[in-house]
Amino acid sequence: MAKVKYYYDSETLSYRKIKRKKTTTIKYVSVFLTAAALFGFLSFFIASQYIESPKERQMARELQNMELQFELINKRTDDAFAALENVEERDNAIYRLYFEANPIPTEQRRAGFGGINRYKKFEGFDNSQLISESNKRLDILEKAIVVQSKSLDEIAKLAEDKEKFLEAIPAIQPINNVNLTRMASGYGYRTDPFTKVRKFHFGMDFTAPRGTPIYASGDGVIKRADNRSTGYGNHIRIDHGYGYVSLYAHMYKYNVKVNQRVKRGDLIGFVGSTGRSEAPHLHYEVFKDGERINPINFYYGNLSAEEYDILLKKASLENQSLD
């Protein structure tokens, strides 16, 4: 019950009840409500600054989890870069060096992306830099992997070519040692058996009985099998590719045909004494880019070190050739 207030009326010499005007009541109520609203707003504002709502706590946990995930991604990216750098080092220092290919510079392997800003879409967020840097590192890693993948494709092609090259070059002695009577003459100045004049002998002469098997010294294609070259008699020429050609002269007969593909060690013919020849033997020559070279440098395929040393000493003797 509201408390009743009185005032003393001096004219009537009596106490009268104080009556509150409606406007005054409304003013008091308005002031009260305004003060209450202001107090509530201030309380909410202060509370919002220091007390998290359930939704804010959830968002904070999600943000923390996102930052953790980005840290894990960056850690895995670091591990991937470390593994890739190991492959790149071996690629440059071993594989590309072995196959005589130029190393790929780091600037090319770690090149970024020029032109427009690829990461503009990540701007304007609380963690824009974190997101942009993570995406940039992943892009560089992806590009580096592509570069390395292409390099390994190149190495695989070089290895295949190297294998074909090693199979193609004339790398074995065309007559087995067990069938040799002797190594009659080597590459260099020798005495001509017919004119007795000292002249340059461009091949090696292997003395062996008529009919002794002759083998292809490397993979290739038979380009000639005829007797239309002066002095060689029945002879065969094998094109090994890579600028190499081997020649087998004074043969008794052929075991191959023109354009036939042969492998190293295939039987291609038999020793004879046709053409300008003094006795049954094989005259053997090797050409590189059209120039005759010393065949003694190509016998690593079927001779031991001791056998090669003996052959080298015999081939170096300046004696009489057989053709």
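Before I turn to particular residues, let me fix one term: strands here are DSSP runs of at least two residues labelled E, numbered from the N terminus. With that convention, His-250 falls in the loop between strand 10 and strand 11, the latter covering 251-254. Please keep in mind throughout that we are looking at a predicted model.

Let me begin with the overall picture. The chain contains five helices and 15 strands, and of its 323 residues 33% are buried. If we take the contacts between residues at least 6 apart in sequence, 64% of them join residues that are at least 24 apart. The accessible surface of the chain amounts to about 21,000 Å², and carbon and sulfur atoms account for 56% of that area.

Now back to His-250, and to the backbone. This residue is not a glycine, and yet its phi is positive, at about 65°. Is His-250 buried or exposed? Its relative accessibility is 1%, and because the cut-off for buried is under 20%, His-250 counts as buried. A second residue to look at in this respect is Tyr-242, which is likewise not a glycine and has a positive phi, near 60°. Tyr-242 sits in the loop that runs between strand 9, residues 235-241, and strand 10, residues 244-249, and with a relative accessible area of 42% this tyrosine is partly exposed.

Tyr-242 also brings us to the aromatic rings, where the count for the structure comes to three pairs. One of them joins Phe-165 and Tyr-242 in an edge-to-face arrangement, with 5.2 Å from centre to centre and 80° between the planes. Since Phe-165 belongs to helix 4 and Tyr-242 to the loop between strand 9 and strand 10, this pair ties together parts of the chain that are 77 residues apart in sequence. Phe-165 itself is partly exposed, at 24% relative accessibility. Phe-165 also pairs with Tyr-244, and here the geometry is tilted, with the centres 6.3 Å apart and the planes at 50°. Why does this second pair tie together parts that are 79 residues apart in sequence? Because Phe-165 lies in helix 4, whereas Tyr-244 lies in strand 10. Tyr-244 is buried, with a relative accessibility of 11%. Taken together, ring pairs link Phe-165, Tyr-242 and Tyr-244 into a cluster.

Let me move on to a sheet. Strands 7, 13 and 11 form an open sheet of three strands, in the order 7-13-11 and with antiparallel pairing. Strand 7, residues 213-215, and strand 11 are the edge strands, each of them pairing on one side only, and from one strand to the next the twist averages 35°. The antiparallel pairing of strand 11 with strand 13, residues 267-271, extends over three bridges, and within it Lys-253 has Phe-270 of strand 13 as its bridge partner.

Next, the charged side chains. How many salt bridges does a search of the whole structure find? The search returns 11, and I will go through a few of them. In helix 4, which covers residues 128-168, Asp-161 and Lys-157 are four residues apart, about one turn of the helix, and their side chains meet in a salt bridge at 3.1 Å, N to O. Both partners are partly exposed: Asp-161 has a relative accessible area of 25%, and Lys-157 is at 46%.

The salt bridge between Arg-228 and Asp-226 has its closest N and O atoms 3.3 Å apart; here Arg-228 is exposed, at 67% relative accessibility, whereas Asp-226 is buried, at 8%. In the salt bridge between Lys-288 and Asp-289, the closest N and O atoms are 2.8 Å apart, with Lys-288 partly exposed at 25% and Asp-289 exposed at 57%. There is also a network of salt bridges, which links Glu-88, Asp-91 and Arg-109.

I will finish with Asn-74, which has its place in helix 2, residues 54-98. At 17% relative accessibility, Asn-74 counts as buried. Which residues are in contact with Asn-74, once its neighbours within four places in sequence are left aside? They are Leu-130, Ser-134 and Arg-137.

Notes. Residues numbered from 1 in each chain as written. Predicted model: local features only at pLDDT ≥ 70, side-chain atom pairs only at ≥ 80, totals over all residues. Heavy atoms only, no water. Buried < 20%, exposed > 50% of the residue type's maximum accessible area, 1.4 Å probe, protein only. Contact = heavy atoms within 4.5 Å. Areas by Shrake-Rupley, 256 points an atom, 1.4 Å probe, with all protein chains shown as cover. Pairing = 2+ DSSP bridges. Axes fitted to C-alpha atoms, helices over the stretch in contact; angles between N-to-C directions. Salt bridge = Lys/Arg side-chain N within 4 Å of Asp/Glu carboxyl O. Phe/Tyr/Trp six-rings, centres within 6.5 Å; stacked < 30°, edge-to-face > 60°.
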